[in-house]
Amino acid sequence: MTVANEVTIKSGHVKTGKYTSFVNEAGSRTNETILFLHGSGPGVTSIANWSYALNDCGNDFHCLAPDLYGFADSDHPDVPLKNRQMWMDCWIEQVIELLDHYEIEKAHVVGNSLGCSIAQELLLEYPERFDRVVLMGPGGTPNTKLSLELARAKSFYDNPSKKRLQQIMGWFVYDQGAMQPIIDGLTDARYANAMREEVKRSNNSIFSTVAVPIPVVALNRIKHPILLVHGQNDKVCSIDSSYYLAEHLHNAQLHVFPQCGHWTQIEKKDSFNYLIQQFFSNKF
């Protein structure tokens, strides 16, 4: 495995038809595009999720990592949306508008947690716009259990504090001691973002209703090559979710990282980045 050169990440707002999205971009636009879709959680940002991946994958791919609608520095609705499906419809629309803006006919996708659910919906609604897909730490399946860790994370705004945010991030990883410097480095910026009124309003709206899992008959119709990636010790979204998807997605394979929690892209960053680039290069 070779060490990649660090690339320049350009970040800024992009205005499309209905949305203004904050987008992080790396790599040459002449290369194949990887679209990175982040997960949820208090104060989450796309760059915090994907900075290592952009720096590595940007050497050989064109990488786009937007803040999803209702998160961080992208648009937030003035009036909270009624349910999760309305949010999903907006996320799908936002992504397709971004691909059109960058004149990308077809892209690879990496989804993390919530981003996995969005990726699957995109494959169903716009199958022709996407090629190979990585689903990392997916949930949202009928056998996904609401873990104690996830339940506590969802109740962050009941009594928010930096200490509580650090506790939550500690539950996302397998070895908190080893990851503590990274958690400490993320805390101030993530807490400041989490405490913005529009971020709190959107978060409460997103999690006010439960997502409805994709029917098996619909999963069976997805033909794209899919790589499921899961940390064996994920306490946020159990590995059972990936086993379920591996059973019902007919062109899927599963890679499990031992001694790894929910932040595979950070906890196992070098191996994860190598793995997904090999997959997107059609090496396996």
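**A sheet, two helices and a pocket**

Let's start with one pair of residues: Val133 has Ile226, in E7, as its bridge partner. This is a predicted model, so keep that in mind as you look around. The two strands behind that pair are E6 (residues 130-136) and E7 (residues 226-231), which run parallel to each other and share four bridges.

Now zoom out. E6 and E7 sit next to each other in an open sheet of eight strands, ordered E1-E2-E4-E3-E5-E6-E7-E8, and the pairing is mixed. At the edges you'll find strand E1 (9-15) and strand E8 (252-257), each with pairing on one side only. Go from one strand to the next and the twist averages 20°.

Two helices are worth tracing over this sheet. H3 lies across strand E3 (33-37), strand E5 (107-112), E6 and E7, and its angle to E6 is about 155°. H9, for its part, lies across E6, E7 and E8, at about 165° to E7.

Both helices turn up again at the largest pocket, which has a volume of about 900 Å³. Its lining counts 44 residues, and the closest to the pocket centre are Arg84, Gly139, Gly140, Lys154 and Ala211. Which elements give two or more residues to this lining? They are helix H2 (84-101), helix H3 (114-125), helix H4 (148-154) and helix H9 (240-248). H3 gives the most, with four residues. Sorted by class, the lining of this pocket comes out as 22 nonpolar, 17 polar and five charged residues.

Notes: Residues numbered from 1 in each chain as written. Predicted model: local features only at pLDDT ≥ 70, side-chain atom pairs only at ≥ 80, totals over all residues. Heavy atoms only, no water. 1 Å grid on protein atoms, 1.4 Å probe; cavity = no way out; pocket = protein on both sides within 12 Å on 5 of 7 lines; lining within 4 Å. Points joined across faces, edges and corners; volume = space filled by probe spheres on them. Nonpolar A, V, L, I, M, F, W, Y, C, P; charged D, E, K, R; others polar. Pairing = 2+ DSSP bridges. Axes fitted to C-alpha atoms, helices over the stretch in contact; angles between N-to-C directions. Contact = heavy atoms within 4.5 Å.
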